[in-house]
Amino acid sequence: MTESTATRIDGAAFAARLRAEVTRKTALLHEREGIAPGLAVVLVGEDPASEVYVRNKGKMTIEAGMNSWQHRLPDTATQAQLLQVVANLNADPAVDGILVQLPLPDQIDADAVIHAIDPDKDVDGFHVVNAGRLATGLPAMVPCTPLGCLMLLKDHLGDLSGMKAVVIGRSNIVGKPMAQLLLKESCTVTIAHSRTRDLAAECRQADIIIAAVGRPRMVKADWVKPGAVVIDVGINRVRMADGKLKLVGDVDYDAVAAVAGAITPVPGGVGPMTIACLLNNTLEAACRRRGLAVPA
Ligand code: NAD
């Protein structure tokens with residue numbers, strides 16, 4: 001059995017602190033301006049994982065002192081019906097953030113729905129306008145998961161300037177915005193993906209590895225430079241020998257923890273940061289829409 005030498009980056013604790021900060025600032029905004037930020041979540045169908053996410057988001061939004069609304073449509077809903085819900089939320093002045101829970105049923109074009117959201121209320125940061133703003137260095141709504149990863153990295157490493165980062169995965173939700181954020185921090189960034197030749201060799205060069213693939217325990221110990229910081233975004237449910245389901249990341253945690261300088265666990269690493277960043281984005285959206293600074 002190899003011994004863990006890496007620092008375990010406690011995303012759950014960081015997320016709890018961030019939520020407390022957002023709660024404090026939300027109370028100040030209410031006190032000074034009489035404004036309570038509001039987040040509307042739209043759920044289509046009854047996907048059990050989405051149900052859990054939406055319930056948690058609603059609970060934590062209320063705990064932060066914000067307004068929370070849920071709009072539910074059946075899994076037979078048409079694209080026109082969903083677009084109408086989005087249009088109503090765009091027009092509602094009490095709504096600061098709109099989140100359409102993904103995945104959507106097959107009959108609905110997710111891109112069309114995302115691009116119907118007012119970019120200034122797009123707290124998921126998936127709208128092409130926000131992707132463009134992020135890529136060109138303008139103030140943007142930044143996707144919550146990569147934003148959470150960046151916060152953990154900066155908390156652990158401080159200045160990231162000049163570091164070599166490898167992002168595994170090129171999705172619009174995680175990989176690409178993660179790479180943009182690291183580039184903004186002056187990292188030298190490599191985006192690896194399913195067609196990358198010799199992924200292990202790419203990873204071995206990295207001071208920072210972000211794994212966002214969706215393949216259980218794919219990143220092995222001999223892919224990691226001693227002392228590197230490893231952020232595991234992956235969420236995979238695997239069946240264990242005893243028949244029980246277990247949540248594991250994209251990183252072979254125990255083995256990699258013996259080599260890395262620091263590593264996020266799954267669960268308890270990146271996952272809790274995503275909702276905390278969603279609340280942070282909702283507060284920012286509420287202030288930005290009204291031309292106010294976020295209370296200090
Ligand atoms: P995705 O399926 O959209 O993208 C996966 C990416 O991995 C693709 O770009 C693909 O090119 C790459 N890939 C696939 N096989 C590969 C291989 N063998 N080698 C290298 N790259 C490969 O997934 P996503 O939405 O970006 O999510 C990635 C993972 O992160 C999933 O496990 C997902 O559940 C998890 N996730 C977690 C959070 C969170 O809050 N912690 C949020 C979003 C996604």
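Student: In this predicted model, which residues of α1 meet α6?

Tutor: Gly11, Phe14, Arg17 and Leu18 in α1 meet Met151, Leu152 and Asp155 in α6. By class, the residues of this contact divide into four nonpolar, one polar and two charged.

Student: What makes Gly11 count as polar here?

Tutor: The classification places Gly among the polar residues, and the contact of α1 with α6 has one polar residue.

Student: Why are α1 and α6 called roughly perpendicular to each other?

Tutor: Helix α1 (residues 11-33) and helix α6 (residues 144-157) pack at an angle of about 100°. Angles of 65 to 115 degrees count as roughly perpendicular. The value falls in that range, and α1 and α6 are therefore roughly perpendicular to each other. Their axes are 11 Å apart.

Student: How do you know that the ligand has a polar contact with the backbone of Arg170?

Tutor: An oxygen atom of the ligand is 2.8 Å from a polar backbone atom of Arg170. The cut-off for a pair of N or O atoms is 3.5 Å, so the pair qualifies. Polar backbone atoms of Ile235, at 3.0 Å, and of Ser194, at 3.2 Å, also face a ligand oxygen atom within that limit. Taken alone, the ligand exposes 860 Å², of which the protein buries 71%.

Student: Which residues come nearest to the ligand, and which helix gives the most to the shell?

Tutor: Of the 19 residues around the ligand, Arg170, Ser171, Val233, Ile235 and Thr274 come nearest. Helix α10 (residues 270-289) gives the most to the shell, with three residues. The shell divides into eight nonpolar, nine polar and two charged residues.

Definitions and conventions: Residues are numbered from 1 along each chain as its sequence is written. This is a predicted model: local features need pLDDT of at least 70, side-chain atom pairs count only at pLDDT 80 or more; totals for chains, interfaces and linings use all residues. Side-chain values use heavy atoms; hydrogens and water are left out. A residue is near a molecule or strand if one of its heavy atoms lies within 4 Å of it. A polar contact is a pair of N or O atoms within 3.5 Å; within protein, one must be able to donate a hydrogen and the other to accept it, and residues adjacent in sequence count only if both atoms are side-chain atoms. Accessible areas come from the Shrake-Rupley method with a 1.4 Å probe; for residues, only the protein chains shown count as cover. Helices (H or I, at least four residues) and strands (E, at least two) are DSSP runs, numbered from the N terminus. Axes are lines fitted to C-alpha atoms, for helices over the stretch in contact, and angles run from 0 to 180 degrees between N-to-C directions. Angles under 35 degrees count as roughly parallel, over 145 as roughly antiparallel, 65 to 115 as roughly perpendicular and the rest as oblique. Contact means heavy atoms within 4.5 Å.
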